[in-house]
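Looking at a model, it helps to ask what earns each label its name. Shall we go through a few together?

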Amino acid sequence: AELGFLYNFAEGWQAGLQGTVLQLSRISDKVYSGPDVSPIGGSNKRYIYSNEDATIYAVINRKMNIGNGYLYGGFAVGYGVARNDSKNLSGDVAYKAPDGGRGYAVGAQIGYVVGINSKLALYAEGAFRYLDLKYDAEAPNVQPHTNLHYQIMAVPVTIGLRYRFINSRIQ
């Protein structure tokens, strides 16, 4: 899910805030050597690093008018909080990270917006996001003891609607 507020501040430029909520997980399809040399993974079950990662980004985009819409690309920097209920595991889940990871996020996005009318538009966006989440929970079986720290790359794809609240002279 995504909600954003963007403002066209100069010809061909927009900036604003964008909030996202993502599930950060992957299928355990490879076997890794754990900290105590025991194998980890390979079960084809899900590893959930965050059921809901809520991140707020400051974004800046360069726009290029094409047809009835515009192509845009830009950068984002923000801060995220990972929420999890690690006590309940379903049959297809091998691991859930603890609740409360926090950290910075950076990335880039590219998308296309096509107008339906003067206020409403459809858009599609693909993004790359790097999240650096640190937890207050201790990493199991790691010597010397250290807290969990996940560095996660995500590629969210969003399709949705945009609504124009303010008509500015700058497009």
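What follows is a friendly set of questions and answers on this predicted model.

Q: Why is Phe165 called exposed?
A: Phe165 has a relative accessible area of 61%, and exposed means over 50%, so the label fits. Phe165 sits in the segment after β11 (157-163).

Q: Which residues make the nonpolar surface patch of about 640 Å²?
A: The patch is made by Leu3, Phe5, Tyr163, Phe165 and Ile166. Patch residues need over 30% relative accessible area; Tyr163, at 47%, and Phe165, at 61%, clear that mark.

Q: What makes Phe9 and Trp13 an aromatic pair, and why is the pair called tilted?
A: A pair of aromatic rings is described by the distance of the centres and the angle of the planes. For Phe9 and Trp13, the centres are 6.4 Å apart, and the limit for pairing is 6.5 Å, so the two rings count as a pair. Their planes are 40° apart; under 30 degrees would be stacked and over 60 edge-to-face, so tilted is what remains. The whole structure holds six aromatic pairs.

Q: Why is the pair of Tyr163 and Phe165 called edge-to-face?
A: The ring planes of Tyr163 and Phe165 stand at 75°, with the centres 5.1 Å apart. An angle over 60 degrees counts as edge-to-face, so that is the name this pair gets.

Q: Are Phe9 and Trp13 buried, exposed or partly exposed, and how do you know that?
A: Phe9 has 40% relative accessibility and Trp13 has 33%. Buried means under 20% and exposed over 50%, with partly exposed in between, so Phe9 is partly exposed and so is Trp13.

Q: Which tyrosines are linked into a cluster by ring pairs?
A: Tyr49, Tyr135 and Tyr150 are joined in this way.

Q: How do you know that the charged end of Arg129 sits over the ring of Tyr57?
A: The charged end of Arg129 is 4.6 Å from the centre of the Tyr57 ring. The distance limit is 6 Å, and the charge must also be within 35 degrees of the ring normal. Arg129 is listed as sitting over the ring, so the angle condition is met too. Likewise, Arg162 lies over the face of Tyr123, at 4.7 Å from the ring centre.

Q: What makes β5 and β6 a pair of strands?
A: Strand β5 (residues 46-66) and strand β6 (residues 69-83) share 15 bridges in the antiparallel sense. Two bridges are enough for a pair, so these strands qualify. Asn65 stands opposite Tyr70 in β6. Their hairpin has two residues between the strands, and Gly67 there takes a positive phi near 60°.

Q: How do you know that β6 also pairs with β8?
A: There are 14 bridges between β6 and strand β8 (residues 101-115), in the antiparallel sense, and at least two are needed, so the pairing holds. In β8, Ala105 is the bridge partner of Gly78.

Q: Why is Gly16 called buried?
A: Gly16 has a relative accessible area of 18%, and buried means under 20%, so the name applies. Gly16 belongs to strand β2 (residues 13-27). The C-alpha atoms of Gly16 and Gly4 are separated by 7.3 Å, though the two are twelve residues apart along the chain.

Q: What makes Arg46 and Asp92 a salt bridge?
A: The closest N and O atoms of Arg46 and Asp92 are 3.4 Å apart. The limit is 4 Å, so the contact counts as a salt bridge. Arg46 lies in strand β5 and Asp92 in the loop between β6 and β7 (93-96), so the salt bridge ties together parts that are 46 residues apart in sequence.

Q: How many salt bridges are there, and which others join Arg46 and Asp92 on the list?
A: The count comes to three. Asp29 and Arg26 meet at 3.1 Å, N to O, and Asp99 and Arg83 meet at 2.6 Å. Asp99 is in the loop between β7 and β8 and Arg83 in strand β6, so this pair ties together parts 16 residues apart in sequence.

How values were computed. Residues are numbered from 1 along each chain as its sequence is written. This is a predicted model: local features need pLDDT of at least 70, side-chain atom pairs count only at pLDDT 80 or more; totals for chains, interfaces and linings use all residues. Side-chain values use heavy atoms; hydrogens and water are left out. Patches are made of residues with over 30% relative accessible area and no salt bridge: like charges are joined within 9 Å, nonpolar side chains (Val, Leu, Ile, Met, Phe, Trp, Tyr) within 5 Å. Accessible areas come from the Shrake-Rupley method with a 1.4 Å probe; for residues, only the protein chains shown count as cover. A salt bridge is a side-chain nitrogen of Lys or Arg within 4 Å of a carboxyl oxygen of Asp or Glu. Helices (H or I, at least four residues) and strands (E, at least two) are DSSP runs, numbered from the N terminus. Buried means under 20% relative accessible area, exposed over 50%, partly exposed in between (1.4 Å probe, protein chains only).
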